[in-house]
Amino acid sequence: MRKTFGTGSVWEQTLGYSRAVRVDNTLYISATAASGEDGIVGEDFYTQTQYILQKLGVVLAEAGFSFEDVVQSKLYLTDISKWEEAGRAHGEVFGEIRPTLALVHVLPFLDPKMLVEIELVAQKSAS
């Protein structure tokens with residue numbers, strides 16, 4: 001079974017992607033930035049990471065998953081020296097869950113105000 005989830009973003013249509021795709025018991029969530037209705041939310045790595053994780057919590061719930069189902073997390077940072085700020089916000093959500101993690105240093109994103117993107121993979125246990 002394959003099901004896609006979208007936000008209605010013009011970017012999803014233009015670039016041909018989904019916010020998330022569920023295949024059987026696994027959910028793949030596209031890299032997500034701290035974009036809100038009025039632009040980028042937060043001016044630092046901690047605040048943007050917190051906001052992104054709130055957004056991802058909604059995506060997980062809409063697809064029938066939760067943070068406890070997350071098995072892999074990837075944080076893309078425009079300044080790797082700020083990993084502790086992003087890591088602190090990530091740890092507040094995943095400290096007890098402990099998915100696999102990659103911290104990836106990237107060039108600036110399309111919008112230079114974007115400091116962080118997060119990509120998740122979640123999996124439900126087979127029943």
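This is a dialogue between a visitor and a guide about how to read some features of a predicted model.

Visitor: Where should I begin, and how does the length of helix H3 compare with what its twelve residues should span?

Guide: Begin with the model itself, which is predicted, and then take helix H3, residues 83–94, as a first exercise. At 1.5 Å a residue its twelve residues should span 16 Å, and the end C-alpha atoms are 15 Å apart, which agrees.

Visitor: Which residues of H3 are buried?

Guide: The buried residues in H3 are Ala86, Ala89, His90 and Phe94. They cover an arc of only 125° around the axis, and therefore they lie on the same side of H3. Among the elements that cover these buried residues are helix H2 (45–62) and the strands S6 (70–77), S7 (100–105) and S8 (116–123).

Visitor: How far does H2 reach from its first C-alpha to its last, and what caps its N-terminal end?

Guide: H2 has 18 residues and reaches 26 Å from the first C-alpha to the last, which is close to the 26 Å expected at 1.5 Å a residue. Its N-terminal end is capped by Asp44, where a side-chain oxygen lies 3.0 Å from the backbone nitrogen of Tyr46. Just after H2, Gly64 takes a positive phi of about 85°.

Visitor: What covers the buried residues of H2?

Guide: The buried residues of H2 include Phe45, Ile52, Leu53, Leu56 and Leu60, and polar ones such as Gln48 and Thr49 also belong to that list. Their cover includes S2, S3, strand S5 (39–40), S6, H3 and S8.

Visitor: How should I read a nonpolar core, and which of its residues touch the most other members here?

Guide: The general idea is that in soluble globular proteins nonpolar side chains tend to be buried together. In this structure the largest nonpolar core has 24 residues, and those that touch the most other members are Leu27, Ile29, Leu56, Leu60, Val116, Ile118 and Leu120. At least two residues of this core come from each of S3, H2, S6, H3 and S8, and H2 gives the most, with six residues. If you follow Leu60 and leave aside its neighbours within four places in sequence, you find contacts with Leu27, Ile29, Phe65, Ser66, Phe67, Val70, Leu120 and Ala122.

Visitor: Which way do the strands next to S3 run, and how many bridges join them to it?

Guide: Strand S2, residues 20–23, is joined to S3 by four bridges, and the two run antiparallel. S3 is also joined to S8, by six bridges, and this pair runs antiparallel too. To see the pairing at single positions, look at Val23, which stands opposite Thr26 in S3, and at Ala33, which stands opposite Glu117 in S8.

Visitor: Is Thr32 in S3 buried or exposed, and what does its side chain join?

Guide: Thr32 is found in strand S3, residues 26–33, and it counts as buried because its relative accessibility is 3%, where the cut-off for buried is under 20%. A polar contact of 2.8 Å joins its side chain to that of Arg19. Beyond four places in sequence, the residues that Thr32 touches include Ile52, Leu56, Val116 and Ile118.

Visitor: What does the side chain of Thr26 join?

Guide: Thr26, also found in S3, counts as buried at 8% relative accessibility, and its side chain makes a polar contact of 2.9 Å with that of Gln123. Among its contacts outside four places in sequence are Val21, Phe65 and Val121.

Visitor: Which residues other than glycine have a positive phi, and where are they?

Guide: The general idea is that most residues other than glycine have a negative phi. Asp24 is one residue with a positive value, near 55°, and its place is the loop between S2 and S3, a hairpin with two residues between the strands. Asp24 is partly exposed, with a relative accessible area of 46%. Arg98 likewise has a positive phi, of about 55°, although it is not a glycine; it is found in the loop between H3 and S7 and counts as exposed at 69% relative accessibility.

Visitor: What else lies in the loop between H3 and S7?

Guide: Gly95 lies in that loop and is partly exposed, with a relative accessible area of 34%. The C-alpha atoms of Gly95 and Val21 are separated by 25 Å, and the two residues are 74 residues apart along the chain.

Terms used
Residues are numbered from 1 along each chain as its sequence is written. This is a predicted model: local features need pLDDT of at least 70, side-chain atom pairs count only at pLDDT 80 or more; totals for chains, interfaces and linings use all residues. Side-chain values use heavy atoms; hydrogens and water are left out. The expected span of a helix is 1.5 Å times one less than its number of residues. Buried means under 20% relative accessible area, exposed over 50%, partly exposed in between (1.4 Å probe, protein chains only). The arc is that of the directions from the helix axis to the C-beta atoms. Contact means heavy atoms within 4.5 Å. A polar contact is a pair of N or O atoms within 3.5 Å; within protein, one must be able to donate a hydrogen and the other to accept it, and residues adjacent in sequence count only if both atoms are side-chain atoms. A nonpolar core is a set of buried Ala, Val, Leu, Ile, Met, Phe, Trp, Tyr and Cys residues joined through side-chain atoms within 4.5 Å. Two strands pair if DSSP finds at least two bridges between them.
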